[in-house]
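Biologist: Can you walk me through this one? I'd like to start with the sheets and end with the contact between the chains.

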Amino acid sequence: MCLAVPGIIVSIDRAWAQVDVMGILNAVNVLLIDEPAVGDCVLIHAGCAIQKISSDNLSYLSNILSEFLIKEEKNG
Amino acid sequence: MDNGILIKKMINEIQKSCIEKLNIMEVCGTHTQAISRSGIRSLLPPNLVLLSGPGCPVCVTDESLIDAAVEILRNDIILATFGDMVRIRGSLESISDQLHKRKNIFVLYSPLDCLELARDNPDKQVVFFAAGFETTAPGIALTVKLAYEENLHNLSFLTSLKLMPPVLHKILREKQKKIHGLICPGHVAAVMGAGYFRFVAGEYGINAAVCGFEPLDIASGLLFLTKKISSGYESAFANLYESCVSEEGNETAREIMMQVFDIADGNWRGIGEIKKSELFLNENYCSFDALKKFNIRPDKFVSDQRCNCSDVILGNIMPYECRLFGKACTPQKPAGPCMISSEGSCSAYYRYWEAGL
């Protein structure tokens, strides 16, 4: 139940935003985050945006770990 | 590099690092499910044991609160809750057992939906039964605040909102099995900050990592932990989910949460009372407390001793070590909460046939 999904804010009307989650628009409450703006990537849990996130989640992790493994291979 | 190849390389590295038997606990039920669904568990060396933790909110909701929900349903009211909550049993019955009595029971995705339910039914009392951890609590707090501002007097809340650190302190202090590493819940940390879990390494000398929920995230967390544990150096803490989790978390969400709730001692199903482990509506919002509104005092209840769910979520036994697992307890006919919730460890083990049945 602590599952949260990422999405991109497409439009905002006061407390509610239309958020694109994998191509599907969802109404998401944005009162739990500071200064939401169109284009922000957010983490959504139970209908609320609970945190702003960076858009390059996977590439960040992949790059760090690729570097780590390449280093390990060289050392090994 | 392709993620599949990356994960394969990581698993190879994990296998090389696991010279001795290692126990790593994944605290969050969403992690338990993700580990099972991705098949990562079956790729790990046999001496690396993944223990499920107490991070499934359905599994730790006390029986007395289910009984309270059933009691409240004796009135002509509307009860709304999250999906898995309707199936868990209290001392005698579950919420879903009340359906044949033509009771109004709604399953909601968002707590905010209960505001509309209350607006649309002004002549009925609406009760939202909320269970969750720090990820869910800010959304519940926001819903309570909005109900207060809108004067929705026909809405109240039955809550089982737990905090992670107190139960982790209990497990790490009283553990029967030695825990060498901890995968910390990523979305609790998104709200509370990565720093919320630094005590695991600082106070207990146990390596810990905040991880995301994709197979790559989980494999990277396991790689980090096994490397650190096998190196034998001072215990470390890492935030491997930096794109979603900052050190300080979401202060706005925490403020709203603490405007609405006080922290007090809480009852955990099968575990008992844990000091300062639960959020309760504070005096400003106590008129929204369903227990007070319906004058119900939850009875303390002794759990079904045949069911070993409490030992499973404390990391003392594996799900398949419970004598009911796969026989008297299956997802179709569950005996305990860990088999009911999709995030329960027994359910995850059973569904993905990891016990070798």
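Modeller: Sure, one convention before the angles come up: axes are lines fitted to C-alpha atoms, for helices over the stretch in contact, and angles run from 0 to 180 degrees between N-to-C directions. Also, keep in mind that this is a predicted model.

Biologist: Okay. With that convention, at what angle does helix 8 of chain B run to strand 11 of chain B?

Modeller: About 175 degrees. Helix 8 of chain B covers residues 164-174 and lies across strand 10 and strand 11 of chain B.

Biologist: Which other helix lies across strand 10 and strand 11 of chain B?

Modeller: Helix 7 of chain B, residues 137-149, which also lies across strand 5 (126-132) and strand 6 of chain B. Its direction is at about 160 degrees to that of strand 6 of chain B.

Biologist: What's the strand order in the sheet of six?

Modeller: Going across, 4-3-5-6-11-10 in chain B, an open sheet with mixed pairing. Strand 4 (104-107) and strand 10 (261-268) of chain B are the edges, each pairing on one side only. On average, neighbouring strands here are turned by 25 degrees against each other, ignoring direction.

Biologist: How many bridges join strand 6 to strand 11 of chain B?

Modeller: Two, with strand 6 (residues 155-162) and strand 11 (residues 272-281) of chain B running antiparallel. As for a residue pair, Leu161(B) has Leu279(B) in strand 11 of chain B as its bridge partner.

Biologist: Switching sheets: what about the one with five strands?

Modeller: That sheet is open too, in the order 2-1-7-8-9 of chain B, and its pairing is parallel. Its edges are strand 2 and strand 9 (237-239) of chain B. The average turn between neighbouring strands is 20 degrees, direction ignored. Helix 2 of chain B (residues 29-38) packs on this sheet, touching strand 1, strand 2 and strand 7 (181-184) of chain B, and its direction makes about 120 degrees with that of strand 1 of chain B.

Biologist: Is strand 2 of chain B, at the edge, enclosed or open?

Modeller: Largely enclosed by the rest of the structure, because seven of its eight residues (48-55) are buried. Strand 2 of chain B pairs with strand 1 (residues 22-28) of chain B over six bridges, including the one between Leu22(B) and Leu48(B).

Biologist: And the other edge?

Modeller: Strand 9 of chain B pairs with strand 8 (residues 207-210) of chain B over three bridges, in the parallel sense. Val210(B) stands opposite Asn239(B) there.

Biologist: How far apart are the end C-alpha atoms of helix 11 of chain B?

Modeller: They're 24 Å apart, which agrees with the 24 Å that 17 residues (215-231) should span at 1.5 Å a residue. Helix 11 of chain B is also largely enclosed, since 14 of its 17 residues are buried. Gly232(B) follows helix 11 of chain B, with a positive phi near 75 degrees.

Biologist: Now the contact between the chains: how many residues does each give?

Modeller: Chain A gives 27 residues and chain B gives 37. On the chain A side, helix 1 of chain A gives the most, with eight residues. That side divides into 16 nonpolar, eight polar and three charged residues.

Biologist: What's the mean pLDDT of helix 1 of chain A?

Modeller: It's 54, the lowest among the elements of chain A, whereas strand 3 (residues 24-29) of chain A has the highest, 95. Where pLDDT is low, the predicted coordinates should not be read in detail.

Technical notes: Residues are numbered from 1 along each chain as its sequence is written. Chains are lettered from A and ligands numbered from 1 in the order in which they are written. This is a predicted model: local features need pLDDT of at least 70, side-chain atom pairs count only at pLDDT 80 or more; totals for chains, interfaces and linings use all residues. A residue is buried if 20 or more other C-beta atoms lie within 10 Å of its own, exposed if 12 or fewer, and partly exposed in between; C-beta atoms are placed from the backbone. Helices (H or I, at least four residues) and strands (E, at least two) are DSSP runs, numbered from the N terminus. Two strands pair if DSSP finds at least two bridges between them. Two residues are in contact if their C-beta atoms, placed from the backbone, lie within 7 Å. pLDDT is the predictor's confidence in each residue, from 0 to 100. Ala, Val, Leu, Ile, Met, Phe, Trp, Tyr, Cys and Pro count as nonpolar, Asp, Glu, Lys and Arg as charged, and the others, Gly among them, as polar. The expected span of a helix is 1.5 Å times one less than its number of residues.
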